[in-house]
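Colleague: Could you take me through the open sheet in this model, strand by strand, and then through what lies around it? Keep it chatty, but give me the cut-offs as you go.

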Amino acid sequence: MRDYPTIPRHVRIATGVIAAALILLGKLFWIQIINDKYKINADNNAMVYSVIYPTRGLIYDRNGNILVGNEIAYDLMATPSEIEEFDTLALGGILDIPPEYIRERMEYFRQNRRSIGFRSVPFLKKISPEKFALFAEQEYRFPGFSGQARTIRQYPVDAGGNLLGYISEVDADFIKSHDGYKAGDYAGKTGIEATYEKELRGEKGYKIYLRNALNKIESSYKDGEYDKPAVPGNDIYTTIDAGLQQYSQKLMEGKTGSIVAIEPSTGEILTLVSSPGISTGQLADIGAHYTEMANDPDKPMLNRAVQSSYPPGSVFKLVNGLIGLQEGVFTASTRYPCSMGYHFGSHTVGCHNHKSPIDFTEAIQMSCNAYFCYVFRGILENPEYSSAQEAFAQWEKYVRSFGFGEPLHSDIPSETGGNVPSAAYYDRLYGKNRWGATTVLSLAIGQGELGCTPLHIANLCATIANRGHYYTPHIIKDSPGYSIDNRFKERRYTLIDTALFPSVIDGMYDAVNGKQGVTASMAAVEGLDICGKTGTAENPHGKDHSIFVCFAPKDDPKIAVAVYIENGGWGGAWAAPIASLVVEKYLAGQISESRKVLEERMMDKKFVK
């Protein structure tokens, strides 16, 4: 084996030291000569960063009309370390604020001078351009005060305050849970503003200034080489029709409830009204109105269209009818009797007077309670299943396939899921296998433990209009710079054979346009072929709720509408005509002269003051 000379230990140590020194010198050369980033960080005590707030993205309706725009406002910033003695009365007169406010702010700055340091902090927010111009003319009299421009929201039309949502200054909890926000920033808190905060907010920029030995700003750092421009937020286009939204809001004035309209072929929400609601005037100055609205017993901040869970009432007969047809427990030609209701044992589910017996289409047209009690018993007592509980579990699967029992996962924040009871729930309530069809018979007519939002009901109507499928409802469209999630473009099928829907649609058409036994005649509009179904939901706390769903035209539907009016009574009296006016406004562009009296009556009716 050949021997190699051994390198002396002191040579190896010297070589390592030299190599380490060369690496260190190279790093220092990079930091001090080539890369200014570290120098900028080291000099931060001598630098002042002036934030440039981005322009927030605009929100448009489906036709390109601006729903939410921007206007310039100013924050008056104070740098306490630079403030000198000034005329308090003069500043108060310019800004139209009392001297007490100025003294309170100055005392706050004095008490927090250590934590504030050399920073600039807000003195007065959201000053109008006109008022700020008055200050700018005399700014020289008030050292340490300066203006900082920002945009605030502006609303060209009053269309959907609950839907649009509001922005407000972020608090400590928000800052902790959201990256990139600091005190003084604003963010969307509800509605579209919250859901699409990431797209709308933009990216802050800044200008860097140098501070001299006397802590006075003297120049821009390196002529602005390291300044960062603000990046505006993305504009987004909603699916909302601004004109239809405004019209629907007028129809709901003085009423508690919701209107939801969907385009069946896309799942796009055309209008979504919650009443009483938030006006855009209140959104523009949310700080001044928040406490009042939060304490209002009428709950204007509650978006009833997606947050209130109601019994669907007779509208749900459409679902039970389709399930019964799918399960083969009856056919569309099956006739059942009705003698002012369905009688079992000592109990009766009442019904109104109409011809008897009737078939399925007539049962929808006349909204016969007895007919759907027969259907529901047939579903749960189907001999194909070993027990009513097993049949009920299958019934639940069918119901959930329509989107009931959970949020529809739209892009509307705070959407609730309603309730569809399970067999396990009734086992706990009544005992295992100790209940049957007659125990839960109220489900036959959309009562009992069922709960759903107006959005669920509108989606049901869109599903029937599509003959068995729906698209997840949504309020944002594809637009330049933003594409909606593919889940909004996927068809979602129910577990019902599409061939079974025409008989339901025929019944809905006759309910509006039939010659006798019609429950929704006030919803008929010549030439529009409206198909609808009334609902009257029992309310243990007062007068019944008025419900109506409809779509039009019968073939190739363009709009599906759900109207839910709390304490409105019979569905055909108020919900049906209101829904038909929404349809007519959308499809025809105006209300025909023959229906102007009806329109006026619907708008004048006030259930709440």
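Modeller: Sure, here's the sheet, followed by some contacts and side chains elsewhere in the model.

Bear in mind that this is a predicted model: local features need pLDDT of at least 70 and side-chain atom pairs count only at pLDDT 80 or more, while totals for chains, interfaces and linings use all residues. Numbering starts from 1 along each chain as its sequence is written, and side-chain values use heavy atoms, with hydrogens and water left out.

The sheet has five strands, in the order β12-β11-β19-β18-β17, with antiparallel pairing. At its edges sit β12 (268-275) and β17, each pairing on one side only. Ignoring direction, neighbouring strands are turned by 5 degrees against each other on average. Strands here are DSSP E runs of at least two residues, helices are H or I runs of at least four, and both are numbered from the N terminus. Two strands pair if DSSP finds at least two bridges between them. Strands β18 (545-552) and β19 (559-565) have seven such bridges, in the antiparallel sense. To pick out one residue, Val549 has Ala562 in β19 as its bridge partner.

Now for the helices on the sheet. Helix α11 (242-251) lies across β11 (257-263), β12 and β19, at about 25 degrees to β12. Helix α22 (575-588) packs on the sheet too, touching β11, β12, β18 and β19, and its direction makes about 150 degrees with that of β19. Contact means heavy atoms within 4.5 Å. Axes are lines fitted to C-alpha atoms, for helices over the stretch in contact, and angles run from 0 to 180 degrees between N-to-C directions.

Follow α22 and you meet a salt bridge (a Lys or Arg side-chain nitrogen within 4 Å of an Asp or Glu carboxyl oxygen). Arg595 pairs with Glu584, with the closest N and O atoms 2.6 Å apart. Glu584 is in α22 and Arg595 is in the loop between α22 and α23 (596-604), eleven residues apart. Arg595 is buried at 8% relative accessible area, and Glu584 is buried at 2%. Buried means under 20%, exposed over 50%, and partly exposed in between, using a 1.4 Å probe and protein chains only.

The β18-β19 loop has a salt bridge of its own: Lys554 pairs with Asp506, the closest N and O atoms being 3.0 Å apart. Asp506 is in helix α21, 48 residues from Lys554 in that loop. Asp506 is partly exposed, at 32%. The structure holds 24 salt bridges.

Back at the edge, β17 (531-537) is among the elements covering the buried residues of helix α15, along with α20 (454-465) and α21 (501-513). That helix, residues 317-327, has ten of its eleven residues buried, among them Leu318, Ile323 and Glu327. After α15 comes Gly328, with a positive phi near 75 degrees.

Lastly, the cysteines: a search of the whole structure finds zero disulfides, that is, no pair of cysteine sulfur atoms within 2.5 Å. Cys461 has its nearest cysteine sulfur in Cys550, 6.1 Å away, and Cys461 is buried at 1%. Cys338 is buried as well, at 9%. The sulfur of Cys338 is 3.8 Å from that of Cys368, its closest, so the pair is too far apart for a bond.
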